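Here's a quick tour of one protein, with a few stops along the way. Have a look at the sequence and the 3D view, then read on.

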Amino acid sequence: MKILVTGGLGFIGSHTVVELQNVGYDVVIIDDLSNASEKVLDGITAITGKKPLFEKLNLRERNKVEDFFHRHNDIEGVIHFAASKAVGESVENPLLYYENNLSSLVYLLKELVKKKGASFIFSSSCTVYGQADAMPITENAPVKNAESPYGNTKQIGEEIISDTCKAHEELQAIALRYFNPVGAHESAEIGELPIGIPQNLVPFITQTAIGLRDQLSVFGDDYPTPDGTCIRDYIHVVDLAKAHVIALQRLLNKKNKQRYEVFNLGTGRGSSVLEVIKSFEHVSGEKLNYKITGRRPGDVISAYADTVKANEELGWKAELDLDEAMLSAWKWEQKIRS
Ligand code: UD1
């Protein structure tokens, strides 16, 4: 069975391609290589023994998307990762984000509604909840005004899919709201490859430890949390990848309760920034150079998932813990700098 993975050479996409191939799906990847390297194909092939099909294609080019689906008319499911994801950049260049993240989604859906029984998995984010009023965050927590154009593209994206499912009964879809994806494949063949200075905590930690950055800034220790630093739900990317396969199978096997469903993907455990640092130091044996600095504008105090719906309804549970995620991230950092 052929599955299309857009953005399949990116961080979460590449791990998902591995898990899809591991259970026997034929994968075709679309990626425009704007934030990924074609070399990731070699990593995927080294792990699975099978090279996925790959086409360099920009999903904003409607004719090319149409042509792609003509040539691959046997695609039965689509997992859509391809999107721009830098929060700060989206504030500076909102139109780039609206054009890139939304037109590509619309063009994909236009092709899918032409097919019978199309299954679509969308890469969403816990950012849609903003600072939720209660922890852990359930799927019923209200969607708050987005803090950034990036976050807004995820909210609008969900609405576009929900509306399209209502109007076209050929389409069934699941939006997966990720908490904080971290770590790398245990083989260290694939992992996160941030371009330039990392904005996210874990790649900044590993790059500091390897000597690429002088010092990690911990953004604020005066939050109303036990140690004063922000709390997030860090989920191992391999667990996250497996959730995509399970969500896709739910649709392909017609186990879904509604034609559009939403699931949180997290561990259910909140960790503070200092706890993440401690975990890294523990598994790596390295002392991390960090200092407490001021708060980062836009940060929420705390966000961790209620996992009941994903556990019980989707039948998926995170199996790997923070130490395992930090160790895999560290092995990956060492491998790419060696
Ligand atoms: C960020 C995005 C979120 C996106 C997610 C994707 C923001 C406001 N949110 O989430 O929309 O879906 O990435 O992965 O950008 N931290 C430091 N020092 C650093 C970097 C981070 O102390 O150098 C802290 C942050 O203050 C935060 C935690 O580490 O408390 C996690 O930060 P980060 O990895 O950037 O993720 P989020 O901000 O949760």
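Which residues line the second largest cavity? They are His80, Phe81, Ala82, Ala83, Asn101, Phe122, Thr153 and Lys154. Keep in mind that you're looking at a predicted model. From here, let's go through the empty spaces, the two domains and a few contacts.

**Cavities**

- The structure has two cavities of 30 Å³ or more.
- The second largest cavity, the one you just met, holds about 50 Å³ of space.
- Sort the residues around the second largest cavity by class and you get four nonpolar, three polar and one charged.
- The largest cavity offers about 110 Å³ of space, and 13 residues line it.
- Among those 13, Glu192, Pro203, Thr206, Trp332 and Glu333 are the closest to the centre of the largest cavity.
- Two elements each give two or more residues to the lining of the largest cavity: helix H7 (201-210) and helix H11.
- H11 is the top contributor to the largest cavity, giving five residues to its lining.
- As for classes, the lining of the largest cavity counts seven nonpolar, three polar and three charged residues.

**The second largest pocket**

- Now for a pocket: the second largest one has a volume of about 220 Å³.
- Helix H2 (40-48) and helix H11 (322-337) are the elements that each provide two or more residues to the lining of the second largest pocket.
- If you want to find the second largest pocket on screen, look for lining residues including Ser37, Lys39, Val40, Asp42, Gly43, Trp332 and Lys335.
- Glu189, Ile190, Gly191 and Leu193 are also among the residues that line the second largest pocket.
- The lining of the second largest pocket splits into five nonpolar, three polar and four charged residues.
- Domain 1 and domain 2 each supply at least three residues to the lining of the second largest pocket.

**Two domains**

- What are the bounds of the two domains in the domain assignment? That assignment gives domain 1 as 2-179 + 236-265, and domain 2 as 201-232 + 268-337.
- Measuring nothing by hand, you can take the computed C-alpha centres of domain 1 and domain 2, which are 24 Å apart.
- Where the domains meet, 22 residues of domain 1 are in contact with 21 residues of domain 2.
- Together, domain 1 and domain 2 bury about 2000 Å² between them, and 63% of that is on carbon and sulfur atoms.
- How many salt bridges are counted between domain 1 and domain 2? The count is two.

**Salt bridges**

- Across the whole structure there are 20 salt bridges.
- One pairs Arg71 with Glu55 through their side chains, at 2.8 Å from N to O.
- Arg71 sits in helix H3 (residues 62-71) and Glu55 in strand E3 (residues 53-56), so this pair ties together parts 16 residues apart in sequence.
- Glu313 and Lys257 form a salt bridge too, and their closest N and O atoms are 2.8 Å apart.

**Around Phe54**

- Strand E3 also contains Phe54.
- Which residues does Phe54 touch, not counting residues up to four places away in sequence? Its partners are Leu9, Ile29, Asp31, Leu33, Glu38 and Leu41.
- Phe54 and Gly8 are 46 residues apart along the chain, and 8.8 Å separate their C-alpha atoms.

Conventions: Residues are numbered from 1 along each chain as its sequence is written. This is a predicted model: local features need pLDDT of at least 70, side-chain atom pairs count only at pLDDT 80 or more; totals for chains, interfaces and linings use all residues. Side-chain values use heavy atoms; hydrogens and water are left out. On a 1 Å grid over the protein atoms alone, a cavity is a set of points where a 1.4 Å probe fits but cannot get out, and a pocket is an open set with protein on both sides within 12 Å along at least five of seven lines; lining residues have an atom within 4 Å of a point. Grid points are joined across faces, edges and corners, and a volume is the space filled by probe spheres set on the points. Helices (H or I, at least four residues) and strands (E, at least two) are DSSP runs, numbered from the N terminus. Ala, Val, Leu, Ile, Met, Phe, Trp, Tyr, Cys and Pro count as nonpolar, Asp, Glu, Lys and Arg as charged, and the others, Gly among them, as polar. Domain bounds come from an automatic or database domain assignment. Contact means heavy atoms within 4.5 Å. Buried area is the accessible area (1.4 Å probe) that two parts lose on being put together, summed over both. A salt bridge is a side-chain nitrogen of Lys or Arg within 4 Å of a carboxyl oxygen of Asp or Glu.
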